[in-house]
Amino acid sequence: MKNWINLLPWRQQLIAQKNRKFIYKISLFFTALLILGMGISLFHGNLTRQLSEKQQQFYRQQDEFAKLTRQVSQLRRSYEQTEEQNLISSDSVSLFLSWLARLPLNEGELTEFLLQQNSIHLHGYAENQQEFDSIHQYIVQTEWIYESKLTHFSTSAKGLLAFSFAIEWGRNGKASMD
């Protein structure tokens, strides 16, 4: 009789071992693929959230910029409306300068003088009530001033009397010494 050596169980074990290694490698590959996909998904979600936040910030800044642009244009329009430049004759300027030189300020000071077409705005302070009264009388008694308004009056902690006058002068924009 012939003895046959059966190599089949040995081959079956080898094939089974190779199949286990193949399944193990495939499962590792799919696990790595799954982990990589989850990482990419988290990264994409994070980028999407950051992009959304940046877009919201951009839209807020764009709205603020639009508001500021509107405010600037409104301020420009109001400035252009209030700052109409009108020519004042040199005689009128000389008259105002001499009038200012005679303003009865002894201890006080004139801090602002604004000359416009038909008005003068004076801001300053006086040391005491008597000095303020003499300034007020001087303004009221000036012939070419037809209206004067005390727009601000206050006393400071130092005892100074702060004042502001809005003065309308002349008729048709002309000052005269008549």
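# Exercises on a predicted model

In this predicted model, Phe132 is buried, at a relative accessible area of 7%. The exercises start from this residue and then turn to a strand pair and a helix.

**Exercise 1.** Classify the ring pair of Phe132 and Phe153, and state which elements it links.

*Solution.*
- Step 1. The structure holds eight aromatic pairs.
- Step 2. For Phe132 and Phe153, the ring centres are 4.8 Å apart and the planes stand at 55 degrees.
- Step 3. Planes under 30 degrees apart count as stacked and over 60 as edge-to-face, so an angle between these limits makes a pair tilted; the pair of Phe132 and Phe153 is therefore tilted.
- Step 4. Phe132 sits in helix H3 and Phe153 in strand S3, 21 residues apart, and the pair links distant parts of the chain.
- Step 5. Phe153 has a relative accessibility of 36% and counts as partly exposed.

**Exercise 2.** Repeat the analysis for Phe132 and Phe163, and name the cluster that ring pairs form.

*Solution.*
- Step 1. The ring centres of Phe132 and Phe163 lie 5.8 Å apart with planes at 55 degrees, so this pair is tilted.
- Step 2. Phe132 belongs to helix H3 and Phe163 to strand S4, so the pair ties together parts 31 residues apart in sequence.
- Step 3. Phe163 is buried, with a relative accessible area of 2%.
- Step 4. Ring pairs join Phe132, Phe153, Phe163 and Phe165 into a cluster.

**Exercise 3.** Describe how S3 and S4 are paired.

*Solution.*
- Step 1. S3 and S4 run antiparallel and are joined by nine bridges.
- Step 2. Ser154 stands opposite Ala162 in S4.
- Step 3. Five residues lie between the strands of this hairpin, where Gly159 takes a positive phi near 90 degrees.

**Exercise 4.** Check the span of helix H2 (residues 90-101) and find where its buried residues lie.

*Solution.*
- Step 1. H2 has twelve residues; at 1.5 Å a residue the expected span is 16 Å, and the end C-alpha atoms are 16 Å apart, which agrees.
- Step 2. The buried residues of H2 are Ser92, Leu95, Phe96, Trp99 and Leu100.
- Step 3. Seen down the axis of H2, these buried residues fall within an arc of 130 degrees, so they line one face of the helix.
- Step 4. An α-helix has 3.6 residues a turn, so residues three or four places apart point the same way.
- Step 5. On the other side of H2, Ser90, Asp91, Leu97 and Ala101 are exposed.
- Step 6. The cover over the buried residues of H2 includes strands S1 (109-115), S2 (119-126), S3 (145-155) and S4 (161-169), and helix H3 (129-141).

How values were computed. Residues numbered from 1 in each chain as written. Predicted model: local features only at pLDDT ≥ 70, side-chain atom pairs only at ≥ 80, totals over all residues. Heavy atoms only, no water. Helix = DSSP H or I, 4+ residues; strand = E, 2+ residues; numbered from the N terminus. Expected span 1.5 Å × (residues − 1). Buried < 20%, exposed > 50% of the residue type's maximum accessible area, 1.4 Å probe, protein only. Arc of directions from axis to C-beta. Contact = heavy atoms within 4.5 Å. Phe/Tyr/Trp six-rings, centres within 6.5 Å; stacked < 30°, edge-to-face > 60°. Pairing = 2+ DSSP bridges.
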